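Subject: Structure for you, with notes

Hello,

Here is the structure I said I would pass on. My notes on helix packing and the sheet follow it.

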Amino acid sequence: MKATGPRRQGVIVYNPGGPGTSGLYKADILPASVRQAYDYIGFDPRGVGASSPVSCVDGSFFASPAADPNPASEADKARIRQRAQFYARGCAARSGAELPYLTTPNTARDIDEIRKALGERQISYYGSSYGTYLGAVYGQLFPQRVRRMVLDSNADASVENVWYQGNLDQDVAFQGRAEEWFGWIAQYDNVFHLGSSMRAVYGSYLAARSRLAAAPVEVLGPAELDAVIVNSVYFDTNWVANARALSDYVVRGDASALLADARDADPTSAASENANAAYTAVSCNDASWPRSWGRWDRDNSLYALKAPIETWANVALNLPCAYWPVAGQQPVKIDGRGLPPILMLQGTLDGATPYEGALRTHSLLPSSHLVVEQGGGSHGLYNRPQVHNGCVDGYATDYLLTGKVPAGDVVCPGHSLPTP
């Protein structure tokens, strides 16, 4: 989308994360002043959407209600392994010829082909979530092609933590953020009636989960309820609606709102299946995952003791990498040499990309300047509706328009949480 103003500064290439997520949308991810100055370039990464989409299974593989991801027995764990093996074989059968080439470094090389096709000597880049890792890899491979770069809600780019350990760290951050939401609900017990303490609200969620495990409501089971918790971890803009949906079910037995969320997700659609396939391919190829079930079982059983909400769901999502038909590569070592000043944005309570991992990425990029939202937990900070933080937005917009970065790292107070 062309710059809307007369003083064009070049192009901003955007990646929203994933991997596996389409980038052919969201021009409004940038404020009007930045849109005036830059052409906005979105793209479907290789394997995604309109870019030769990969597939691993029929959509029915993801039919709801899904099996409870939290194993109650060794037999349950065996079923998780069998499902992962089936999925990995399906990826090889359906997309085997393309699988080896679905990697973050290759997607970074694709970005440089986009740059060439646009006739630009340099590009600016904005990435969020996994898009920050993609941006760091692009900057490592093509530092002289970077004009400006904003990395928002940062993945851990350290070689030893890419993917496997990063997911374990994510489990812990997810738990903390979910408990923050439960604590917020408790403050409004007169509205939601789920309990007047974080532990009481947590208990209400677990009771609802057990009830749905025993008696699913159409496509709504415990895994679909967990998805509502995960959504709340990502976006506090949804805290009120999600708390009301949980309250309706717990207090009045009305599952309609939770059921509507489960139906809207529709994991059986072709787009959802493709997104999952591309996510799996890139993440499995990007690093050397453990191939021993004993290692997965040992590590995740320990993490589940302190982070039970997301740990085994992450195993179910990523275990195909233990049986992947392509050997994982060594992750790109990031040292940031030759990069111009870049800007990183990060909330301290981000559940999807934990703050500690962002600090490690910051240390790998000597030219980076970090803008911290103290107490912020939303995933994706810049110019987000309903969670605008003028301090964070101001630094990012000023940087994109002028190239100015703060003298050092800066801390912005967190945005206000919603009020029911």
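The buried residues of α2 pack against α11 (270-286), α12 (293-306) and α13 (311-318). This is a predicted model, so please read everything below in that light. Among the buried residues of α2 are Asp76, Lys77, Ile80, Tyr87 and Cys91. Length checks out too. Helix α2 covers residues 74-95, 22 in number, and at 1.5 Å a residue it should span 32 Å; its end C-alpha atoms lie 31 Å apart, which agrees.

Next, the sheet. It is open and has 7 strands, in the order β2-β1-β3-β4-β5-β6-β7, with parallel pairing. The edges are β2 (38-42) and β7 (410-413); each has a single partner strand, so one side of each has no neighbour in the sheet. From one strand to the next, the twist averages 20°. Strand β6 (residues 368-374) pairs with β7 over 4 bridges, in the parallel sense. There, valine 372 stands opposite valine 411 in β7.

Two helices to look at on the sheet. Helix α3 (residues 104-118) touches β1, β2 and β3, and its direction makes about 145° with that of β3. Helix α15 (residues 390-402) touches β1, β2, β4, β5, β6 and β7; its direction makes about 160° with that of β4.

Last, a helix pair. Helix α5 (residues 164-187) packs against helix α8 (residues 222-234) at about 90°, axes 9 Å apart. That makes α5 roughly perpendicular to α8. The contact has 8 nonpolar, 2 polar and 1 charged residues. Including Phe174, Arg177 and Trp181, α5 residues meet α8 residues such as Ile229 and Tyr234.

Best wishes

Key. Residues numbered from 1 in each chain as written. Predicted model: local features only at pLDDT ≥ 70, side-chain atom pairs only at ≥ 80, totals over all residues. Heavy atoms only, no water. Axes fitted to C-alpha atoms, helices over the stretch in contact; angles between N-to-C directions. Parallel < 35°, antiparallel > 145°, perpendicular 65-115°, else oblique. Contact = heavy atoms within 4.5 Å. Nonpolar A, V, L, I, M, F, W, Y, C, P; charged D, E, K, R; others polar. Expected span 1.5 Å × (residues − 1). Buried < 20%, exposed > 50% of the residue type's maximum accessible area, 1.4 Å probe, protein only. Pairing = 2+ DSSP bridges.
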